[in-house]
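Please open the structure in your viewer and keep the sequence beside it, so that each selection can be followed in both. The tour moves from stop to stop, and at each one there is something to select and something to look for.

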Amino acid sequence: MRSRQVIDVLDYQGQITAARGGLVIRDQRVPLEDVAVLLVGNHASISGGALSLLAKYDVTLLNCDWRGVPNFVGNPWGSNSRIATRHRAQADLSLPKQKSSWQALVRAKILGQAFNLEQVGSSAATRLRLLASKVRSGDPDNLEGQAARLYWTEFFEDEQFRRVPGAEDHCNAMLNYGYAVLRGFVIRGICEAGLSPTLGLWHRNRSNPFCLADDLIEPFRPAVDATVHRLLPSDGLEDRSVKHELVNVTNLPMQGTGETVLTGIYTLAQDLALFVEGEKIRLSVPDWQTPFASEDG
């Protein structure tokens with residue numbers, strides 16, 4: 001779990017080149033030994049040498065649109081020695097195992113949402129925990145959707161709020177940004193584990209190359225939600241410090257064990273790799289349990 005840092009140069013207008021094992025940005029050399037992700041905007045250009053260096057150091061490239069929302073992810077070709085075996089195992093994964101994995105992911109997501117509601121003093125947290133306990137294999141009752149409808153109304157204390165992916169209102173825009181950055185880390189974790197991001201457990205879309213990322217991101221979404229809740233109501237994406245807070249979600253403690261959101265993502269991906277190969281009988285999924293007060297400390 002070497003790489004943890006995010007280099008954010010969204011406002012940089014110029015060329016990014018390679019020099020002596022690092023990138024040259026604003027005439028300064030940026031070493032890549034401890035970098036996980038490079039965030040760039042529409043006004044930066046990257047040399048072929050810089051791209052090769054990103055690949056060498058296993059750095060993910062996230063390109064962002066004019067709003068600062070990631071719209072492209074570039075990952076190095078995986079060097080995992082079991083990549084072919086794991087891709088075949090993914091493709092052959094039985095339907096019962098796919099459904100049981102989705103059950104575990106949904107349950108963890110709802111438990112994280114329930115924890116967030118507890119932090120804002122909502123009595124609906126008890127109802128969400130009850131829903132989590134009733135999630136069956138494959139979630140045939142769509143308890144994920146039932147929990148979401150209750151969660152969003154209660155969490156932001158606004159009966160009119162609707163979570164709409166891609167919407168540009170104040171709250172949705174920050175959620176979109178936070179989730180997009182988080183998704184980049186999930187894709188990276190999947191590739192490092194030697195898995196194919198295309199072969200999902202529940203998500204199925206012939207035009208989506210990252211179905212598995214959309215599965216594995218679910219338990220970590222409440223961490224973004226908690227940060228957006230703390231930033232509301234006056235902050236916005238036009239403020240670089242707000243974007244920094246949302247990028248920094250990956251460094252928040254996932255639980256009381258010292259594990260961060262980022263290490264939780266990587267651990268989950270590795271756990272899934274062992275699960276699809278039959279080396280584990282069930283998928284272990286963490287759920288978000290960090291008190292809001294800890295985020296400021």
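Begin with the largest pocket of this predicted model, which has a volume of about 600 Å³. To find its centre, select Arg163, Pro165, Tyr179, Asp214 and Arg221, which are the closest to that centre among the 28 residues that line the pocket. If you colour the lining by class, you should count 14 nonpolar, 6 polar and 8 charged residues.

Which elements supply the lining of this pocket? Select strand S8 together with helix H3 (95-119), helix H5 (143-155), helix H6 (170-192) and helix H8 (221-231), since each of these supplies at least two residues of the lining. The largest share comes from H6, with 6 residues.

Stay with H8 for the next stop, and add helix H9, residues 240-247, to the selection. Two packed helices are described by the angle between their axes and the distance between the axes. For H8 and H9 the angle is about 155°, and the axes lie 9 Å apart. Angles over 145 degrees count as roughly antiparallel, and H8 and H9 are therefore roughly antiparallel to each other. When you look along the line from one helix to the other, the crossing of H8 and H9 is right-handed.

Now return to S8, which belongs to an open sheet of 4 strands in the order S1-S5-S7-S8, with mixed pairing. Strand S1 (5-9) and strand S8 (70-74) stand at the edges with a single partner strand each, so one side of each is left without a neighbour in the sheet. On average, neighbouring strands of this sheet are turned by 20° against each other, if direction is ignored. Select strand S7, residues 60-64, beside S8, and you will see two antiparallel strands joined by 4 bridges. Within this pair, asparagine 63 has phenylalanine 72 in S8 as its bridge partner.

The last stop is another open sheet, again formed by 4 strands with mixed pairing, whose order is S4-S3-S2-S6. Its edge strands are strand S4 (28-31) and strand S6 (44-46), each of which pairs on one side only. Here neighbouring strands are turned by 30° against each other on average, direction ignored. Finally, select strand S3, residues 22-25, with S4: these strands pair in the antiparallel sense over 4 bridges, and glycine 22 stands opposite proline 31 in S4.

Key. Residues are numbered from 1 along each chain as its sequence is written. This is a predicted model: local features need pLDDT of at least 70, side-chain atom pairs count only at pLDDT 80 or more; totals for chains, interfaces and linings use all residues. Side-chain values use heavy atoms; hydrogens and water are left out. Two strands pair if DSSP finds at least two bridges between them. Axes are lines fitted to C-alpha atoms, for helices over the stretch in contact, and angles run from 0 to 180 degrees between N-to-C directions. On a 1 Å grid over the protein atoms alone, a cavity is a set of points where a 1.4 Å probe fits but cannot get out, and a pocket is an open set with protein on both sides within 12 Å along at least five of seven lines; lining residues have an atom within 4 Å of a point. Grid points are joined across faces, edges and corners, and a volume is the space filled by probe spheres set on the points. Ala, Val, Leu, Ile, Met, Phe, Trp, Tyr, Cys and Pro count as nonpolar, Asp, Glu, Lys and Arg as charged, and the others, Gly among them, as polar. Angles under 35 degrees count as roughly parallel, over 145 as roughly antiparallel, 65 to 115 as roughly perpendicular and the rest as oblique. A crossing is left-handed if the near helix is turned anticlockwise from the far one by less than a right angle, and right-handed if clockwise.
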